[in-house]
Amino acid sequence: MSSAWFETVAEAQRRARKRLPTSVYSALLAGTEKGLTVSDNVTAFDELGFAPHVAGLSAQRDLSTIVMGQPIAFPVIISPTGVQAVHPDGEVAVARAAAARGTAMGLSSFASKPMEEVIAANPQTFFQMYWLGGRDQIAAQLDRARKAGAAGVIATLDWSFSHGRDWGSPRIPEKLTPRELLRLAPQGLSRPKWLVSYLRTGHLPDLTVPNLASDGQPAPAFFGAYGQWMGTPPPSWDDVAWMRQQWGGPFLLKGITRIDDAKRAVDAGVTAISVSNHGGNNVDGTPATIRVLPGIAEAVGSQAEVLLDGGVRRGNDVVKAIALGARAVMIGRAYLWGLAANGQAGVENVLDILRNGIDSALLGLGCSSVADLGEHNLVIPANFTRTLGGSAQT
């Protein structure tokens, strides 16, 4: 077995930390304020137990499902994340890895690679958008995604303007000017493998966002686009419905933590919702997504597909989410650590870890399919769940 292989997501994270410059690794950790939510997203899964069987187990397990019309081999898809300066191939490598393992990918509008390249690498790509720049600009983006062949759209609303972290935020330049390169040189030289991987391509990360470029214009800088987003008035529910109508195809609303918001999303006509707090990068103190999932799944029922995003590190986390009402989960940091550790093969490695963990848990639980999972498979402590924004019945 290759020495590049790793057996857990935790090991992928350790390797990413050793390989990446400090500022790049810190950007992956992210989180806000005191880090309450980013921590709860992960540790809440540990509070849930399993109720396994010992005989009469299923020799074959079906892990497949369908998300927004896309058949996938197991219930894990790639969550959209911004500029992926962890590896020169960035989102294209991630797309290839997802395609090789039979699953779909969310591509961020703040990605480092243009959507046309990524969708060519994996036709099961959902293009992610923020409410940025007003309706004309958003309509143009939707049209570009349609022409590129995107399988669906993800509208992300779960990101607020949190500027402080108790552990400090990495200083990321707007452009890699000679002065910035000199400042960052000690970090790059201390991580030679990362530096060499970029030098072989003939360029360093340029920190631009090509998917937000206007027709015939160069790609804007990340922070220029970020500033435009900050200056754009937040969307209304009418705007969400308009965006869904403009796209006219599979549409996922990402960022739901409340039952009343989930119901409003259904009223707006969405295909799916993602129970998400932006990986702990939204309002700190928001409960872990796995805690709010059951009430939202019950409230939505069959009116929209329900996904979960946040804190997934192993296959049995996926199984717990499915048992509590999710159709699939979205992963972010986990695959980025794999990408940093070993490029496309590292992302495939992470997906294999999750898939194998799901299969192992299904075997122990006596389930022949992910569709068989339910709360009866879990040990759920009292007061585990959090119900925000009303009850499922109202």
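## Close-up views of a predicted model

**View 1. Contact between helices α13 and α14.** From α13, the residues Gly315, Asn316, Val318 and Val319 meet Leu354, Gly357, Ile358, Ala361 and Leu365 of α14. The residues of this contact are 6 nonpolar and 3 polar, with no charged ones. The structure shown here and in the other views is a predicted model. Helix α13 covers residues 315-323, and it packs against α14 at an angle of about 60°, with the two axes 7 Å apart. Angles that are neither under 35 degrees, nor over 145, nor 65 to 115 count as oblique, and α13 and α14 are therefore oblique to each other. Their crossing is right-handed.

**View 2. Contact between helices α11 and α12.** Helix α11 spans residues 259-267 and helix α12 spans residues 289-300. Their axes cross at roughly 35° and come within 9 Å. The crossing of α11 and α12 is right-handed. On the α11 side the contact is made by Ile259, Ala262, Lys263 and Val266, and on the α12 side by Gly295, Ile296, Ala299 and Val300. Sorted by type, the residues of the contact of α11 with α12 are 6 nonpolar, 1 polar and 1 charged.

**View 3. The largest nonpolar core and the surroundings of Ile331.** The largest nonpolar core of the model contains 99 residues. Ile290, Leu293 and Ile331 are the residues with the most contacts inside this core. Helix α14, residues 333-365, supplies the largest share of the core, 16 residues. When residues up to four places away in sequence are not counted, Ile331 touches Val76, Ile77, Ile78 and Ser79. Under that same count, Ile331 also touches Val312, Val350, Leu351 and Leu354.

**View 4. A second nonpolar core.** Another core, of 13 residues, lies apart from the largest one. Val67, Met68, Phe126 and Ala328 are among the residues of this other core.

**View 5. Pro114 and its contacts.** Pro114 sits in the loop between β5 (105-107) and α5 (115-121). Neighbours within four places in sequence left aside, Pro114 is in contact with Arg144, Pro210 and Asn211. A further residue, Asn349, is 235 residues from Pro114 in sequence. In space, the C-alpha atoms of Pro114 and Asn349 are 25 Å apart.

Conventions
Residues numbered from 1 in each chain as written. Predicted model: local features only at pLDDT ≥ 70, side-chain atom pairs only at ≥ 80, totals over all residues. Heavy atoms only, no water. Core = buried A, V, L, I, M, F, W, Y, C linked by side-chain atoms within 4.5 Å. Buried < 20%, exposed > 50% of the residue type's maximum accessible area, 1.4 Å probe, protein only. Helix = DSSP H or I, 4+ residues; strand = E, 2+ residues; numbered from the N terminus. Contact = heavy atoms within 4.5 Å. Axes fitted to C-alpha atoms, helices over the stretch in contact; angles between N-to-C directions. Left-handed = near helix turned anticlockwise from the far one by under 90°. Nonpolar A, V, L, I, M, F, W, Y, C, P; charged D, E, K, R; others polar.
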